[in-house]
Amino acid sequence: MPSACITGVGMYVPPRVVTNEELRTWYDTSDEWIYARSGIKERRWAEEPASTAELGYYAAKEALQAAGKSPNEIDLIIFATLSPDLYFPGSGVLLQHRLGLETTPALDIRQQCSGFVYGLSIADQYIRTGTYRTILLVGAEIQSTWIDYNPEGRTVGVLFGDGAGAVVIEACEGENRGILSTHLYSQGAYAMELCVAEPSSATRAHTLPGSYGMRPYMNGKEVFRHAVQRMGEAVQVALTHQGWRPDEVDLYVLHQANIRIVQAVAEFFSLPMERFFNSIHKYGNTTAASIPICLAEAEREGRLRRGDKVILAAFGSGFTWGSAALIW
Ligand code: UT7
């Protein structure tokens with residue numbers, strides 16, 4: 001049975017930097033509050049007209065180049081996003097067309113901040129069963145267009161950013177590396193604690209103007225509490241499954257929602273923060289894109305080397321969460 005190996009990583013963030021200071025144009029907030037509560041210094045915003053598929057395309061191109069693959073060698077595209085270009089169809093088919101492909105299957109998944117880990121798990125299964133040999137997995141988001149710029153939107157509005165990350169996952173035999181295990185969870189009891197409720201099949205389109213529904217809602221404290229617990233559990237299950245001690249892992253890459261969540265997990269496992277790769281200070285929370293963006297930067301900075309033991313973990317809206325253990 002082949003293993004699923006990440007053979008190329010890529011990322012793209014829009015050039016426009018939005019500092020905490022600039023957010024004061026809309027919100028009663030401060031650099032001190034945002035940095036102390038979340039670890040964020042700045043984020044990127046896409047210029048309009050914005051396209052999530054287009055951000056994904058730039059990241060995908062970089063990942064394909066790194067893997068030495070051309071688009072027509074892709075057997076399946078998996079596109080993870082909570083901010084698709086259209087209500088339907090998903091951005092995966094738009095990316096497929098942009099890549100110049102004719103009939104390559106494209107699968108969109110909607111697991112929000114856990115989208116990349118879920119996507120990795122799906123790719124792993126397809127490759128292990130021999131169905132596909134080369135899969136492009138993209139996590140991309142444009143969130144600056146749904147942020148609530150009214151004063152009451154500040155708690156959520158300061159956290160999110162735009163960006164994309166991508167990996168090429170290939171079948172590899174006899175290389176002693178690849179995805180070792182993935183562990184997925186969800187708990188729909190908490191679906192309404194972090195959501196954008198509209199556009200929705202529950203609401204008639206003509207009721208939309210003036211309704212609250214299109215603005216994001218987050219019960220920050222509740223989400224934070226669950227995120228710390230679930231992310232810790234997800235890391236633990238991956239460690240237990242592999243029989244690894246926490247300090248044996250070379251690099252942890254956790255979804256970038258709040259640096260205090262990463263710090264809490266590091267503390268729980270008595271690990272130094274240096275074992276965790278973070279980029280939240282530069283990009284904010286880029287949801288499905290945050291883990292692949294970290295992987296691309298970590299590799300670029302020499303923090304990820306062939307043979308390294310790596311654990312990925314994410315938690316987000318749904319609630320959904322999960323982890324993956326791999327040898328780089
Ligand atoms: O990616 C998906 C997963 N998402 C997460 O994991 C996010 C989880 N939640 C969090 O990261 C944190 O809950 C937040 C960063 C969103 C908020 O941090 P907090 O420490 O829970 O703050 P809070 O919501 O309790 O607000 C504390 C105070 C409040 O004022 P009062 O009531 O104490 O007077 C807020 O009104 O801070 C105020 N506040 C702000 N002040 C300045 C809320 N947002 C802001 C803001 N700037 N942007």
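Is Ser-114 buried or exposed? This note takes up that point after a description of the ligand site; the model under discussion is a predicted one.

1. Position of the ligand. Domain 1 covers residues 3–172 and domain 2 covers residues 178–327. Both domains give residues to the shell around the ligand, so the ligand lies between them. The protein covers 75% of the 960 Å² of accessible area that the ligand has on its own.

2. Composition of the shell. There are 21 residues around the ligand, and those that come nearest are Thr-29, Arg-37, Lys-221, Asn-258 and Asn-285. By residue type, the shell divides into ten nonpolar, six polar and five charged residues.

3. Helices that contribute to the shell. Four helices each supply at least two residues of the shell: α2 (31–38), α6 (154–157), α7 (220–242) and α8 (259–268). The most comes from α7, which gives four residues.

4. Polar atoms facing the ligand. Two threonine residues approach nitrogen atoms of the ligand. For Thr-29, a polar side-chain atom lies 2.6 Å from a nitrogen atom of the ligand. For Thr-155, an N or O atom of the side chain is 3.2 Å from a nitrogen atom of the ligand. An oxygen atom of the ligand, in turn, is 2.7 Å from an N or O atom in the side chain of Lys-221.

5. The length of helix α5. This helix runs over residues 115–128 and has 14 residues. The student may check its length by a simple calculation. At 1.5 Å a residue, the expected span is 20 Å. The C-alpha atoms at the two ends of α5 are 20 Å apart, which agrees with the expected value.

6. The surroundings of helix α5. Ten of the 14 residues of α5 are buried, so the helix is largely enclosed by the rest of the structure. The buried residues are Gly-115, Phe-116, Val-117, Tyr-118, Gly-119, Leu-120, Ser-121, Ala-123, Asp-124 and Ile-127. Just after the helix, Gly-130 takes a positive phi of about 85°.

7. Ser-114, the subject of the opening question. This residue lies in the loop between β5 (106–109) and α5. Ser-114 is buried, because its relative accessible area is 0% and the cut-off for a buried residue is under 20%. The side chain of Ser-114 reaches the backbone nitrogen of Trp-321 at 3.5 Å.

8. Two residues with positive phi that are not glycine. Gln-112 has a phi near 50°, a positive value in a residue other than glycine. Its place is in the loop between β5 and α5. With 12% relative accessibility, Gln-112 counts as buried. Ser-270 also has a positive phi, near 55°, and is likewise a residue other than glycine. Ser-270 lies in the loop between α8 and α9 (280–283). Its relative accessible area is 68%, and Ser-270 is therefore exposed, as the cut-off for an exposed residue is over 50%.

9. Cis peptide bonds. The bond that joins Glu-48 and Pro-49 is cis, with omega at about 0°. Pro-49 is placed in the loop between β3 (42–44) and α3 (52–67). Another cis peptide bond runs from Gly-318 to Phe-319, where omega is near -20°. Phe-319 is found in the loop between β12 (309–316) and β13 (320–327).

10. Two arginine residues. Arg-154 lies in helix α6 and is partly exposed, with a relative accessible area of 39%. Arg-154 and Pro-84 are 70 residues apart in sequence, and their C-alpha atoms are 23 Å apart in space. Arg-24 is found in the loop between α1 (20–23) and α2. This residue is also partly exposed, with a relative accessible area of 46%. Arg-24 and Glu-102 are 78 residues apart in sequence, with a C-alpha to C-alpha distance of 46 Å.

Terms used:
Residues are numbered from 1 along each chain as its sequence is written. This is a predicted model: local features need pLDDT of at least 70, side-chain atom pairs count only at pLDDT 80 or more; totals for chains, interfaces and linings use all residues. Side-chain values use heavy atoms; hydrogens and water are left out. A residue is near a molecule or strand if one of its heavy atoms lies within 4 Å of it. A polar contact is a pair of N or O atoms within 3.5 Å; within protein, one must be able to donate a hydrogen and the other to accept it, and residues adjacent in sequence count only if both atoms are side-chain atoms. Accessible areas come from the Shrake-Rupley method with a 1.4 Å probe; for residues, only the protein chains shown count as cover. Ala, Val, Leu, Ile, Met, Phe, Trp, Tyr, Cys and Pro count as nonpolar, Asp, Glu, Lys and Arg as charged, and the others, Gly among them, as polar. Domain bounds come from an automatic or database domain assignment. The expected span of a helix is 1.5 Å times one less than its number of residues. Buried means under 20% relative accessible area, exposed over 50%, partly exposed in between (1.4 Å probe, protein chains only).
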